[in-house]
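Me: I would like to go through this structure by question and answer. Please keep the replies short.

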Amino acid sequence: MLVLATLSLAQGTAPATPLALITREGRRPIPTIILNSQEFIALDDVASMFQVAVREDALAGGVTVSYKGRTVVASADQPMASVNGRVVTLPAPVARVGRRLYVPIDFLPRALAPIYDAPIELRRAPRMLVVGNVRVVRVVPRIEAVGPLTRATIEIAPAALVSVATDAGRVLLRIDADALEVGPTPPGTGLIDQMRTGDQSTTVAIALSPRAGMPRVSTTTTSDSTRVLIEVPLAPQFQETNAAPVPPLPAPPPSFPTQPADALPLLPPAGPRLQTMVIDPGHGGDDSGVRGPKGAVEKQIALDVARRLKTLVETRLGVRVVMTRDDDRAVTLDERDAVANNSKADLFLSIHVNGALSPSVAGAEVYYLRLDREGEDARRNTAATELVLPAVGGGTRPIDMIRWDLAQSFHVGASATFASLLEEELRKHIPMGPRPVQQEPMRVLAGANMPASLVEIAYLTNPDQEQRAQSGDFQANVAQALYDAVLRFRSYLEAPPDR
């Protein structure tokens with residue numbers, strides 16, 4: 001009763017912005033109140049969140065908080081607490097509102113953290129309480145230039161992998177972190193209407209003006225930070241031109257007779273180049289793929305590796321990367337090939353994780369398409385059905401018409417080369433299976449009208465590989481190996497022909 005009498009009687013109000021609890025499991029709000037300009041949290045909420053025991057202690061003259069044999073005694077009339085016999089100061093003593101006991105939120109990092117078995121950090125500005133080994137990165141968005149070209153930057157510290165998705169009207173950045181501490185967002189201006197956190201907790205969304213053209217996004221990473229540059233041009237239909245009309249060229253003098261147009265020498269056509277790559281994370285939505293004995297699912301691991309690879313290819317090679325999915329949704333095999341073909345991709349890579357009846361089977365494998373008899377005939381007879389269309393400026397041009405299900409038959413040689421490079425680079429980083437490169441009649445490869453391969457990076461049915469496949473280090477090693485193979489394939493693709 002003595003303690004009850006000395007605890008302050010007060011009424012509290014809720015803060016304008018709730019405090020957020022950040023853990024590896026996600027983010028959720030914490031109820032707090034403001035008392036005499038100080039923020040407090042109820043001790044019964046503390047007990048629930050941190051699994052501690054709380055009791056009023058008349059002999060100690062305050063409240064005792066216990067965790068695994070370690071104790072904190074918070075004073076009822078002095079702004080201090082005793083932590084295993086060591087005194088720490090607090091902004092205010094324990095308070096009572098109604099029938100509930102409250103401590104200032106600084107009690108958590110100052111008094112509870114020393115006896116707890118996970119770090120507890122209070123970040124006041126972003127209103128975050130971070131518990132555990134959680135990767136929180138600071139994100140500072142800015143709009144730096146407004147004019148015909150609107151330029152924005154996103155500064156990220158510490159450095160983090162960033163995957164970029166662009167579509168009509170917006171840019172979405174997905175940052176490899178557990179949570180984001182986002183600085184003040186600038187008001188929309190120029191061709192950027194809004195910059196804000198995305199619907200998911202580790203994304204930043206940039207909404208574009210209806211007058212915006214296709215944005216250009218580039219990423220630069222140093223040892224301490226990552227910088228994303230977003231340049232938004234005006235859409236062509238809104239651009240004005242004041243250029244004077246170009247007068248026609250004068251007729252050549254008589255001493256230089258003209259040649260017919262069809263006799264003019266033509267520049268040799270440019271060789272193949274790696275300009276667009278499609279990355280296909282396997283499965284998605286209701287189709288989880290292989291599930292490991294401890295619950296790891298193929299669809300998520302494939303997506304995680306695909307995002308890492310996308311970031312490496314875009315930032316280091318400057319190659320446009322298209323994902324067949326960048327979230328957890330179902331995509332049919334035909335839709336995956338359609339994404340690749342409609343994007344006019346120069347390379348297709350499908351990422352999967354394997355499974356087997358025996359838990360002892362392990363190792364990565366690489367696949368490219370095995371043709372049936374009709375496909376082999378199509379490959380040997382590379383003169384596909386021709387459709388002749390009129391060309392701009394007169395004349396005609398032939399267009400090859402290729403059956404969808406035979407599209408890959410024209411690229412099997414290059415696909416075999418890509419598969420071999422994938423196997424060589426993966427072997428440097430992760431264990432390979434006993435048959436590391438295989439040819440199989442895989443539907444997802446059959447309709448791709450470009451060099452295409454599929455990788456199975458591990459066996460989730462193997463307990464050891466299931467655990468490793470979920471780790472960031474393993475996924476980073478796989479992404480690096482795949483990137484190295486793409487880099488080598490680009491050199492192969494763009495190498496000049498033997499003279």
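**Strands, helices and charged pairs**

Reply: This is a predicted model. Strands β18 (residues 170–175) and β21 pair in the antiparallel sense, over five bridges.

Me: In β21, which residue is the bridge partner of Leu 172?

Reply: β18 covers residues 170–175 and pairs with β21. Leu 172 has its bridge partner in β21, and that partner is Ala 205.

Me: Through how many residues does a hairpin join β20 to β21?

Reply: β20 (residues 192–197) and β21 run antiparallel and are joined by five bridges. One of the pairs is Gln 194 with Ala 207. The hairpin that joins β20 to β21 passes through five residues.

Me: How many of the six residues of strand β21 are buried?

Reply: β21 spans residues 203–208 and is mostly covered. Buried means under 20% relative accessible area. In β21 the number of buried residues is five.

Me: Which strands stand at the edges of the open sheet of five strands?

Reply: The order in this sheet is β19-β15-β16-β23-β22, with mixed pairing. An edge strand has a single partner, so one side of it is left without a neighbour in the sheet. The strands at the edges are β19 (179–182) and β22 (216–221).

Me: By what angle are neighbouring strands of this sheet turned against each other on average?

Reply: The sheet is open and has five strands. With direction ignored, the average turn between neighbouring strands is 25°.

Me: In β23, which residue is the bridge partner of Ile 156?

Reply: Strand β16 (residues 149–157) and strand β23 (residues 226–233) run antiparallel, joined by eight bridges. Ile 156 has its bridge partner in β23, and that partner is Thr 226.

Me: How far apart in sequence are Arg 151 and Glu 231?

Reply: The side chains of Arg 151 and Glu 231 meet in a salt bridge, 3.4 Å from N to O. Arg 151 lies in strand β16 and Glu 231 in strand β23, so the pair links distant parts of the chain; the separation is 80 residues.

Me: Is Glu 231 buried or exposed?

Reply: Its salt-bridge partner Arg 151 is partly exposed, at 28% relative accessibility. Glu 231 has a relative accessible area of 18%. The cut-off for buried is under 20%, so Glu 231 counts as buried.

Me: Which residues do salt bridges that share partners join into one network?

Reply: Glu 121 and Arg 123 meet in a salt bridge at 3.1 Å, N to O. Glu 121 is partly exposed, with a relative accessible area of 37%. The network consists of Glu 121, Arg 123, Arg 138 and Glu 181.

Me: With which residue does Arg 110 form a salt bridge?

Reply: Arg 110 is partly exposed, at 37% relative accessible area. Its partner is buried, at 6% relative accessibility. The closest N and O atoms are 3.6 Å apart, and the partner is Asp 106.

Me: With which side chain does the side chain of Lys 310 make a polar contact?

Reply: Lys 310 sits in helix α4 (residues 298–317). Lys 310 is buried, with a relative accessible area of 3%. Residues that Lys 310 touches include Ser 163, Ile 279 and Met 323. The polar contact, at 2.9 Å, is with the side chain of Glu 314.

Me: What distance does helix α7 reach from its first C-alpha to its last?

Reply: α7 (residues 412–427) has 16 residues. Its buried residues include Phe 418, Leu 422 and Glu 425. The reach is close to the expected 22 Å, and its value is 22 Å.

Definitions and conventions:
Residues numbered from 1 in each chain as written. Predicted model: local features only at pLDDT ≥ 70, side-chain atom pairs only at ≥ 80, totals over all residues. Heavy atoms only, no water. Pairing = 2+ DSSP bridges. Helix = DSSP H or I, 4+ residues; strand = E, 2+ residues; numbered from the N terminus. Axes fitted to C-alpha atoms, helices over the stretch in contact; angles between N-to-C directions. Expected span 1.5 Å × (residues − 1). Buried < 20%, exposed > 50% of the residue type's maximum accessible area, 1.4 Å probe, protein only. Polar contact = N/O pair within 3.5 Å; in protein donor to acceptor, adjacent residues only side chain to side chain. Contact = heavy atoms within 4.5 Å. Salt bridge = Lys/Arg side-chain N within 4 Å of Asp/Glu carboxyl O. Lists of a residue's contacts leave out its neighbours within four places in sequence.
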